[in-house]
Each structure stands twice: as structure tokens, then as C-alpha cells.
Amino acid sequence: MGSQQHGGSGQDTAASPRHRSDTTLRVNGTPRTLTVDNRRVLLDLLREDLGLIGAKKGCDHGQCGACTVLVDGRRVNSCLLLAVALDGCEITTVEGLAGDGEELHPLQRAFRKRDAFQCGYCTPGQLCSAAGVLAEAAAGHPSHVTDPARPSGEPVPLDREEIRERLSGNLCRCGAYPHIVEAVEDVIP
Ligand code: FES
Ligand code: FES
């Protein structure tokens with residue numbers, strides 16, 4: 001864990017003070033306090049203010065999933081979330097996905113082994129989304145294809161149909177989908 005850090009972007013300081021708010025986010029385990037333009041979205045804060053360029057801006061409209069990160073362990077489209085609304089939240093980006101002392105998260109190793117990317121543009125979002133999928137299924141959250149007769153709250157087994165459905169919000173222009181599904185299958189506990 002690092003020490004608290006302060007900072008802000010040139011774009012933010014150009015905004016009137018009443019349009020800015022001090023916001024503290026815990027990003028990949030490190031508290032970061034910034035004076036943020038109230039209109040700034042999380043994706044821009046991560047990429048432009050904190051230099052975490054793993055999450056990508058694909059559509060900027062919540063349609064492609066390239067910007068996916070985890071907020072308090074749940075996957076979100078960071079292009080759609082105002083950063084000031086996340087004050088106090090824990091943010092995990094692809095740069096922080098691996099645990100302490102690990103070079104790569106098991107999903108990253110599986111993506112590499114399965115050749116689950118070509119250009120790699122969608123990959124940080126796919127990885128964060130897949131990490132969210134594993135947690136959601138373990139917590140018993142159903143998807144559109146989960147059998148409604150399953151007892152609620154019990155872990156949902158992740159078969160191929162479940163993985164495809166749950167990752168359907170993450171587009172891959174290179175069409176690496178079959179290998180992405182195989183990579184996620186590899187890390188199912
Ligand atoms: S850039 Fe956020 S969903 Fe496409
Ligand atoms: S690997 Fe190129 S967009 Fe997915």
C-alpha cells in the first residue's frame with residue numbers, strides 16, 4: 001500500500017472551483033486524492049490524471065466494454081461513471097489485477113496461454129470483466145441464461161453459455177471470442 005497522493009489535471013484546474021470536488025479513490029490499493037472536475041468520468045481520470053492507460057476508450061458510450069474496470073469488486077464501464085460519485089471507492093484496473101507478489105493474474109496467464117487476443121485493444125476490459133464474472137458467479141448472481149429454477153444465492157456454474165452471455169458486453173473487433181472463452185474456462189475454480 002502506498003502513501004496518500006495529491007494531484008489534478010490541467011483540464012481540471014481550468015474549471016471554476018465550484019465545478020470541482022476533492023475526491024479520494026483507492027486505486028489498485030493506493031489512496032489517490034484529486035481535485036476533479038465534477039463532469040470528469042472515471043476513465044479519463046484513470047488515463048489522463050493517473051497515467052493508468054490499460055483501460056481503453058473504445059466507444060465512450062457504454063457500448064463496447066473496452067473501458068471496463070472494477071469498482072468495489074464489481075465491473076463497470078468507466079466511461080459512463082462520474083469520478084466524483086465514486087469518492088471512497090476501491091478501483092481496480094488491469095494494472096492492479098494481479099495480487100501482491102504476482103506478476104500476472106491467473107486470467108492474464110490464461111489469456112496468454114490461449115492466445116486470447118490479437119491487437120489487444122479490448123484485452124484489459126476483457127480481463128477486468130472476466131474477473132468480475134468469476135466473482136459474480138461465485139456470489140450466486142444469475143445471468144440472462146441461468147436456469148431460473150436454481151436456488152438463489154448459490155454459486156452459478158460457469159459453462160460456455162454462461163461465459164459468453166456474461167462477457168457479451170465486451171466486444172472484440174479481432175474476433176478472439178473462442179479463445180477468450182477457453183481462457184476463462186481455464187481459471188474457473
Ligand atoms: S469506451 Fe466505455 S463502453 Fe466503450
Ligand atoms: S484483440 Fe483486438 S479488439 Fe480484441
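This is a short tour of a predicted model, one selection at a time.

**Stop 1: the two domains**

Select residues 17–96 and give them one colour. That is domain 1 in the domain assignment. Now colour residues 106–187, which the assignment gives as domain 2. The C-alpha centres of domain 1 and domain 2 lie 22 Å apart.

Look at where the two domains touch. Domain 1 brings 14 residues to the contact, and domain 2 brings 13 residues. Which strands each supply at least two residues of the side of domain 1 that touches domain 2? Select 68–71 for strand S4 and 74–77 for strand S5; these are the two. S4 gives the most, with three residues. Colour this side of domain 1 by class and you will find seven nonpolar, four polar and three charged residues.

**Stop 2: a hairpin**

Stay with the strands. Select 20–27 for strand S2 and 30–37 for strand S3. The two strands run antiparallel, and eight bridges join them. Show Leu 25, then find Arg 32 in S3 standing opposite.

Move to the turn. S2 and S3 form a hairpin, with two residues between the strands. Click on Asn 28 in this turn: its phi is positive, about 50 degrees.

**Stop 3: helix H3 against helix H4**

Next, select 106–114 for helix H3 and 123–138 for helix H4. Their axes come within 10 Å and cross at roughly 130 degrees. Why are H3 and H4 called oblique to each other? Angles of 65 to 115 degrees count as roughly perpendicular and those over 145 as roughly antiparallel, so a crossing at roughly 130 degrees falls in neither group and is oblique. The crossing of H3 past H4 is right-handed.

Show the side chains at this contact. From H3, pick Leu 107, Gln 108 and Phe 111. From H4, pick Thr 123, Leu 127, Ala 130 and Ala 131. Five of these residues are nonpolar, two are polar and none is charged.

**Stop 4: helix H3 against helix H6**

Keep H3 on screen and add residues 177–187, helix H6. The axes of H3 and H6 come within 8 Å and cross at roughly 135 degrees. H3 and H6 are therefore oblique to each other. This crossing is right-handed.

Which residues make the contact? On H3, select Pro 106, Leu 107, Ala 110, Phe 111 and Arg 114. On H6, select His 179, Glu 182, Ala 183, Asp 186 and Val 187. By class, this contact has six nonpolar, one polar and three charged residues.

Technical notes: Residues are numbered from 1 along each chain as its sequence is written. Chains are lettered from A and ligands numbered from 1 in the order in which they are written. This is a predicted model: local features need pLDDT of at least 70, side-chain atom pairs count only at pLDDT 80 or more; totals for chains, interfaces and linings use all residues. Domain bounds come from an automatic or database domain assignment. Two residues are in contact if their C-beta atoms, placed from the backbone, lie within 7 Å. Helices (H or I, at least four residues) and strands (E, at least two) are DSSP runs, numbered from the N terminus. Ala, Val, Leu, Ile, Met, Phe, Trp, Tyr, Cys and Pro count as nonpolar, Asp, Glu, Lys and Arg as charged, and the others, Gly among them, as polar. Two strands pair if DSSP finds at least two bridges between them. Axes are lines fitted to C-alpha atoms, for helices over the stretch in contact, and angles run from 0 to 180 degrees between N-to-C directions. Angles under 35 degrees count as roughly parallel, over 145 as roughly antiparallel, 65 to 115 as roughly perpendicular and the rest as oblique. A crossing is left-handed if the near helix is turned anticlockwise from the far one by less than a right angle, and right-handed if clockwise.
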